Amino acid sequence: MEVKARAPGKIILTGEHAVVHGSTAVATSIAVYTNVSLRFTTPSDDEDLLKLQLKDTALEFSWPVSKVREAFPAQLSSTPTSCSVENAKAIAALVDHLSIPEAKIGLASGVSAFLWLYSSIQGFKPATVVVTSELPLGAGLGSSASFCVALAAAFLACTDSVSLDVNHQGWLSFGEKDLELVNKWAFEGEKIIHGKPSGIDNTVSAYGNIISFKSGNLTYMKSNMPLKMLITNTKVGRNTKALVAGVSERMLRHPDIMAFVFSAVDSISKELTAILKSPTPDELTITEKEEKIEELMEMNQGLLQSMGVSHATIETVLRTTLKYKLASKLTGAGGGGCVLTLLPTLLSGTVVDKVVSELESCGFQCFIATIGGAGVEINFGPSY
Ligand SMILES: Nc1ncnc2c1ncn2[C@@H]1O[C@H](COP(=O)(O)OP(=O)(O)OP(=O)(O)O)[C@@H](O)[C@H]1O
Ligand SMILES: C[C@@](O)(CCO)CC(=O)[O-]
Ligand SMILES: [Mg+2]
C-alpha cells in the first residue's frame, strides 16, 4: 500500500514570537507544499528496514525495525503523546550514529520528529518514507510544521484511527475530528523541532486558509479582501528553536517591558483581524484597508526588532521596499529567513518588477505565493 500526503507552508501576517507568550497572531497557508509518500515494504523486500529519504537534502537514512522496536518498547499510541526525556534519549541514540554532514546538522531534529511520529503511529512496520518539499527549509515559511503535518497525515491515513475513502481518486481532505488528530500529532513533532512552539504553524498547515490563533485556540477567519504579498528570502539560514529561546531569555531579563511588547502585538493582530473580516465595500475602500495593514505591519516589525529577532539582511529588505513606499515585515522566526511586503491592489506591475529586481540584485530571492487554500490532503493514488 502507498499513500501520499501534502501539507502547505504558511506566512505569519502578524504576531510571531508574541504568540508563544499568549498574544494573538494571524497566519495564512500558502500553496507551497511538503510532500510525503509512505510505502510499506515486506520484510523480505528490504531486510526489514525503516527508510527515510529526504530528497531536498539528498540524504537517506535507514534503521532495522528491530532497532527501532528496542528503542521504544510498547510504543504504539492511539492518542497524541509527547516525547519524554527517556524517549528523546532513545531517539538520540538512533540519530547520533547517522552520518549527517555538519552543514546539515539541523536535520537531526527533523529526523527525530520523524522517528517519534512513525513509531508512535505506525509502530515497527518496515516502510519507505520519501519527503520532498517546495518550501525553503528553515526560512520562516513553516517547513518544519508542514513536514510534521504531512508525516502525521500519511502515517494516520493508514490506521483505523481515521476514516478516509481509500477508493477516492485525487486529493482528499480529512474530516473535522480526524484533522484535529493529525494536527495534535504534528504538534508533538513540532515540539521536537522547535522546543516550545505555539502551535500556530502546524495548525495553519493542517487547516489551511487564514486563521487567527491565541493560546492554542484557532479561529477560522473569512477574509473579505484580497491580499497580495511579495515574499523575499534573504537566504540567511536560521533556526526557529534558538530564536524562540532568545526571545524567552529577553523576557526573563525584562519581564515588564516584554509584557508591553507582547500586549502591543496582541492589539495589532486583533486590529488586523477586524480589518480582514470587515465587509468590502464598507466605510473603508480596499486602498484604505491596505494602508491600515501596511501601518500594522510596520509597527509589528518595530516590535519584532525590539524582541531581537531582526537581521541586517531583513533591514536591507525593509530599506529597499520603503524606497518604493512599500511596507514590509519579517515573517516566521526572523533572524534571516523571509520578509513579507504588501503589494497593494493598485500598485503597477512596473513598480513590482523594479522592486523585485533591486532585491534580487542584493542576492535575495523573491516570489509571490498564492495565499490561503486547502490545508493538509491525502492521496491514495495510484496515479497522483
Ligand atoms: N523537507 C524537509 N526535509 C527534512 N527536514 C525538514 C524538512 N522540512 C523541515 N525540516 C526540518 O525542519 C527544520 C527547519 O525548521 P525551522 O522551524 O527552523 O524553520 P521553518 O519551519 O522553515 O521556519 P519557521 O519555523 O520560522 O516557520 C529543518 O532543519 C529540519 O530539521
Ligand atoms: C516564532 C514563532 O512564533 C513562529 C514561527 O513560524 C514560533 C511559534 O509560534 O511556534
Ligand atoms: Mg518551523
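How many cavities of 30 Å³ or more does a search of the whole structure find? There is 1, and we can start our walk there, keeping in mind that this is a predicted model. About 40 Å³ of space lies inside this cavity. Its lining is made up of Leu-13, Thr-14, Leu-227, Met-229, Leu-272, Ile-293, Leu-296 and Met-297. Two elements, strand 1 and helix 9 (286-307), each give two or more residues to that lining, and helix 9 has the largest share, with 3 residues. Sorted by class, the cavity lining holds 7 nonpolar residues and 1 polar residue, with no charged ones.

Before going further, a word on confidence. The protein chain has an average pLDDT of 94, and 97% of the residues score at least 70. For the model as a whole, the scores are ipTM 0.99 and pTM 0.96. As a reminder for reading any such model, where pLDDT is low, the predicted coordinates should not be read in detail.

Now let us turn to the pockets. The largest pocket holds about 900 Å³ of space. You will find 49 residues lining it, and those nearest its centre are Leu-137, Gly-138, Ser-143, Ser-144 and Ile-193. Several elements contribute two or more residues each: strand 1 (2-14), helix 3 (107-122), strand 5 (127-133), helix 4 (143-157), helix 5 (176-194), helix 6 (200-207) and helix 7 (240-253). Helix 3 provides the largest share of this lining, 4 residues. Both domain 1 (2-221 + 373-381) and domain 2 (228-370) take part, each supplying at least three lining residues. In the lining of this pocket, 18 residues are nonpolar, 20 are polar and 11 are charged.

Ser-144, one of the residues nearest the centre of the largest pocket, also leads us to a metal. Which protein atoms act as donors to the magnesium ion (ligand 3)? They are OG of Ser-144 and NE2 of His-194, lying 2.2 Å from the ion. Ser-144 belongs to helix 4 and His-194 to helix 5, so this pair ties together parts of the chain that are 50 residues apart in sequence. Are these two donors buried or exposed? Ser-144 is buried, because its relative accessible area is 14%, under the 20% limit. His-194 is buried as well, with a relative accessible area of 8%.

Helix 5 and helix 6 come up again at the second largest pocket, where each supplies at least two lining residues. This pocket has about 210 Å³ of space. Helix 5 gives the most to its lining, with 4 residues. Among the lining residues are Glu-180, Asn-183, Lys-184 and Phe-187, along with Asn-202, Thr-203 and Tyr-207. The lining also includes Ser-198, Gly-199, Phe-213, Gly-216 and Leu-218. By class, 4 of the lining residues are nonpolar, 6 are polar and 2 are charged.

For a last stop, look at the loop between helix 1 (65-71) and helix 2 (85-96), where Pro-80 sits. With a relative accessible area of 25%, Pro-80 is partly exposed. How far apart in space are Pro-80 and Arg-250, C-alpha to C-alpha? The two are 32 Å apart in space and 170 residues apart in sequence.

Notes: Residues numbered from 1 in each chain as written. Chains lettered and ligands numbered in written order. Predicted model: local features only at pLDDT ≥ 70, side-chain atom pairs only at ≥ 80, totals over all residues. Heavy atoms only, no water. 1 Å grid on protein atoms, 1.4 Å probe; cavity = no way out; pocket = protein on both sides within 12 Å on 5 of 7 lines; lining within 4 Å. Points joined across faces, edges and corners; volume = space filled by probe spheres on them. Nonpolar A, V, L, I, M, F, W, Y, C, P; charged D, E, K, R; others polar. Domains from an automatic or database assignment. pLDDT = per-residue confidence, 0-100. Donors = N, O, S within 2.8 Å, 3.2 Å for Na, K, Ca; no water. Buried < 20%, exposed > 50% of the residue type's maximum accessible area, 1.4 Å probe, protein only.
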